[in-house]
Amino acid sequence: MIDFWNKRYNEDGFAYGTNPNAFFKEQIDKLKVGNLLLPLEGEGRNAVYAASKGWKVDAVDQSEIGHDKTRKFAKENNLNYDVCGKIVVAINEEESKRLDQLKINGEQNGLVGLKLLTPEEFQKIEPNVDGVKALWVPESGIIDYKGITNKFADKVKSINSESLIITDCEVKDYKENQIKTSKGIYKSKHIIFCGGLFADRLAAKDKVKLEMQIVGFRGDYYELSERAKRKVNNLIYPVPNPEFPFLGVHFTRMIEGGIEAGPNAVLAFK
Ligand SMILES: Cc1cc2nc3c(=O)[nH]c(=O)nc-3n(C[C@H](O)[C@H](O)[C@H](O)COP(=O)(O)OP(=O)(O)OC[C@H]3O[C@@H](n4cnc5c(N)ncnc54)[C@H](O)[C@@H]3O)c2cc1C
């Protein structure tokens, strides 16, 4: 059966066109946006339509050619992402053993298609990389997070046009339903902070006594020059050492086209 669909989807153009199925469109337009699972989704015309309307879509199909076309279609519709895959490279025997464990961990976490590669094999993916072994992670990708965040902001506004989205603003203090910020005082029935590495400081303002404190590390990245960019195709990572809290220096292709190399790790005292 899979051969039938691969043959069908391998033809030029889209087997069923790029517009969503009329019945699907009629039904989905009536529903409140949410999560959507589309099994046997073929070339993705319905998935892309639903995603453009704000649905969080998981689309699956047994035909890998269908997958490829779905991604291409998503790109053409400005849903900017690229499932380009990643290699994690071991440079000695000790790292090679940790890489075997990393593959097991990845599989236990549901990653599909993980493969250990010899130098000859991984150099076909990244010709300028040297090492003893690599783990190929085909599901890794890059995405336009700035675009996604702006889309979230649009959605918040579309739910209630009176919603305020305030940026470049520091929360100085808060009391009950009042938040004092660098841009004025706001009132809210509920306050949820997503303060990342500042979460302990925000919690302290709420008189919470913590037995731990976050010690931040800052990481600087270099951007590769035009000449150096040609040496990296996608994502190249070292094998993490669980003894240390750092990921290690890696090369990351960004969705806008640049390639970053880093980070270093310096204590962030502020
Ligand atoms: C260099 C680096 C590379 C990474 N790469 C990846 C990656 O490739 N993939 C991945 O999955 N994860 C990656 N991570 C981890 C990922 O970025 C974090 O896990 C994630 O951002 C945490 O999200 P968060 O919303 O909890 O916190 P954050 O993203 O840190 O958001 C917290 C926000 O709160 C704001 N804030 C804090 N205090 C205040 C205040 N008083 N007033 C106003 N605003 C305040 C901060 O400015 C910040 O914008 C990376 C992290 C780093 C540092």
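Okay, let's start with the sheet: three strands, open, in the order β8-β9-β10, and the pairing is antiparallel. The edge positions go to β8, residues 171-175, and β10, residues 184-187; each has a single partner strand, so one side of each is left without a neighbour in the sheet. If you like angles, neighbouring strands here are turned by 20° against each other on average, ignoring direction. And before I go on, keep in mind that this is a predicted model.

Let's walk through the pairs. β8 and β9, which is residues 178-181, run antiparallel with four bridges between them. One bridge to pick out on your screen is D173 with K180 in β9. Then β9 and β10 pair up, also in the antiparallel sense, over four bridges. There, Q178 sits opposite K187 in β10.

Now the turns. The hairpin of β8 and β9 has two residues between the strands, and E176 has a positive phi there, near 45°. That's a positive value in a residue other than glycine. So is E176 buried or exposed? It counts as exposed, because it has 8 C-beta neighbours inside 10 Å and the cut-off for exposed is 12 or fewer. The next hairpin, from β9 to β10, also goes through two residues.

There's another non-glycine with positive phi, by the way: D168, near 50°. You'll find D168 in the loop between α7 and β8. D168 is exposed too, with 6 other C-beta atoms within 10 Å.

Since I mentioned α7, let's do the helices. α7 covers residues 145-159, and at 1.5 Å a residue its 15 residues should span 21 Å; the end C-alpha atoms are 21 Å apart, so that agrees. How many of the 15 residues of α7 are buried? Zero, so this helix lies largely in the open. Same check on α5: 16 residues should span 22 Å, the end C-alpha atoms are 23 Å apart, and that agrees. Just after α5 comes G110, with a positive phi of about 90°.

On to the inside. The largest nonpolar core has 15 residues, and the ones touching the most other members are I87, V88, V89, L99, A134 and L135. Which elements give two or more residues to this core? They are β4 (86-90), α5 (93-108), β6 (133-137) and β13 (235-238). β4 gives the most, with four residues. As background, nonpolar side chains tend to be buried together in soluble globular proteins.

Last stop, the ligand. Around it we have E170, V171, C194, G195, G196, L197, F198, G219 and P263. By type, that shell divides into five nonpolar residues, three polar and one charged. V171 is on that list, and β8 covers 171-175, so you can go back from the ligand to the sheet we began with. P263 deserves a click as well: the peptide bond joining G262 and P263 is cis, with omega about 0°. P263 is in the loop between β15 (259-262) and β16 (266-267).

To recap the stops: the β8-β9-β10 sheet, α7 with zero buried residues, the core where β4 gives the most, and the ligand shell, including the P263 we just looked at. That's my tour, over to you.

Key
Residues are numbered from 1 along each chain as its sequence is written. This is a predicted model: local features need pLDDT of at least 70, side-chain atom pairs count only at pLDDT 80 or more; totals for chains, interfaces and linings use all residues. Two strands pair if DSSP finds at least two bridges between them. Axes are lines fitted to C-alpha atoms, for helices over the stretch in contact, and angles run from 0 to 180 degrees between N-to-C directions. A residue is near a molecule or strand if its C-beta atom, placed from the backbone, lies within 6 Å of it. Ala, Val, Leu, Ile, Met, Phe, Trp, Tyr, Cys and Pro count as nonpolar, Asp, Glu, Lys and Arg as charged, and the others, Gly among them, as polar. The expected span of a helix is 1.5 Å times one less than its number of residues. A residue is buried if 20 or more other C-beta atoms lie within 10 Å of its own, exposed if 12 or fewer, and partly exposed in between; C-beta atoms are placed from the backbone. A nonpolar core is a set of buried Ala, Val, Leu, Ile, Met, Phe, Trp, Tyr and Cys residues joined through C-beta atoms within 7 Å.
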